[in-house]
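Subject: A structure for you to explore

Hi there,

Here is the structure I promised to send you. Have a look at it on your own for a minute, and then read on for my notes.

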Amino acid sequence: MDAIPFSDIERAFSSLPRAERERIIRHGVALRVTDLQKRLFLAESKIRSFAERYRTTLEQLEDAGLPDDADIKMHEDYLQWRHWVGVARQVTQDIDALQRLA
């Protein structure tokens, strides 16, 4: 099946009555926010797990620096921890932006 050109989709969407376009947008926003909330829950769970394992926050760890005797596992965890903090930050911003639309 060939992809429909975006311009055709845009034209078809624009031809719908305003109320229908608003319903579609609200429905899409609600679905997307639900997906993002699940991703945020996962990210926050990962962040909590690292904080409990190392008994600190990422911010405190970065302020102090990794210990001189940090093993490869701690270095790997640090990279993943930073990743999940970034994911949580971005997802929170996306949720906030979408909720302003709804």
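Below is what I found, starting with the whole chain and then moving to single residues.

Please keep in mind that this is a predicted model.

**The whole chain**

What is the chain built from? There are four helices and zero strands, so read from the N terminus the order is simply α-α-α-α. Along its principal axes, the C-alpha trace spans about 65 × 30 × 20 Å. The radius of gyration is 21 Å, whereas a compact globule of 102 residues would have one near 13 Å. Of the 102 residues, 22% count as buried. The chain exposes about 7,900 Å², and carbon and sulfur atoms supply 54% of that area.

It also helps to ask how far apart in sequence the touching residues are. Among contacts between residues at least 6 apart in sequence, 68% join residues at least 24 apart. For one example of distant parts of the chain, look at Arg26 and Leu98: they are 72 residues apart along the chain, and their C-alpha atoms are separated by 9.5 Å. Arg26 lies in helix H2 and is partly exposed, with a relative accessible area of 43%. Leu98 is one of the buried residues of H4.

**The nonpolar core**

The largest nonpolar core has 20 residues, and those with the most contacts inside it are Ile47, Trp81, Trp84, Val91 and Ile95. Which helices supply it? Helix H2 (18–54), helix H3 (58–64) and helix H4 (72–101) each supply at least two residues. The largest share comes from H4, with 10 residues.

Trp84 is a nice residue to click on. Not counting residues up to four places away in sequence, Trp84 touches Arg39, Leu42, Ala43, Lys46, Ile47 and Phe50.

**Helix H4**

H4 has 30 residues and reaches 44 Å from its first C-alpha to its last, close to the 44 Å expected at 1.5 Å a residue. Its buried residues are Met74, Asp77, Tyr78, Trp81, Trp84, Val85, Val87, Ala88, Val91, Ile95 and Leu98. What covers these buried residues includes H2 and H3.

Did you spot Asp77 in that list? Asp77 sits in helix H4, and it counts as buried because its relative accessibility is 1%, with the cut-off for buried being under 20%. Leaving aside neighbours within four places in sequence, Asp77 is in contact with Phe50, Arg53 and Tyr54.

**The aromatic rings**

Two of those contacts of Asp77, Phe50 and Tyr54, come up again here. A pair of aromatic rings is described by the distance of the centres and the angle of the planes. How many such pairs does a search of the whole structure find? It finds two aromatic pairs.

One is formed by Phe50 and Trp81: the ring centres are 5.7 Å apart and the planes are at 25 degrees, so this pair is stacked. Phe50 lies in helix H2 and Trp81 in helix H4, so the pair ties together parts that are 31 residues apart in sequence. Phe50 and Trp81 are both buried.

Tyr54 and Trp81 also form a stacked pair, with 6.0 Å from centre to centre and 20 degrees between the planes. Because Tyr54 lies in helix H2 and Trp81 in helix H4, this pair ties together parts that are 27 residues apart in sequence.

Are Tyr54 and Trp81 buried or exposed? Tyr54 is partly exposed, with a relative accessible area of 22%, while Trp81 counts as buried at 1% relative accessibility. Phe50, Tyr54 and Trp81 form one aromatic cluster.

**An unusual spot in a loop**Finally, find Arg55 in the loop between H2 and H3. Although it is not a glycine, Arg55 has a positive phi of about 55 degrees. Arg55 counts as exposed because its relative accessibility is 75%, and exposed means over 50%.

Happy exploring, and do write back with anything you would like to ask!

Best wishes

Definitions and conventions. Residues numbered from 1 in each chain as written. Predicted model: local features only at pLDDT ≥ 70, side-chain atom pairs only at ≥ 80, totals over all residues. Heavy atoms only, no water. Core = buried A, V, L, I, M, F, W, Y, C linked by side-chain atoms within 4.5 Å. Buried < 20%, exposed > 50% of the residue type's maximum accessible area, 1.4 Å probe, protein only. Contact = heavy atoms within 4.5 Å. Expected span 1.5 Å × (residues − 1). Phe/Tyr/Trp six-rings, centres within 6.5 Å; stacked < 30°, edge-to-face > 60°. Rg over C-alpha atoms; globule rule 2.2 N^0.38 Å. Areas by Shrake-Rupley, 256 points an atom, 1.4 Å probe, with all protein chains shown as cover.
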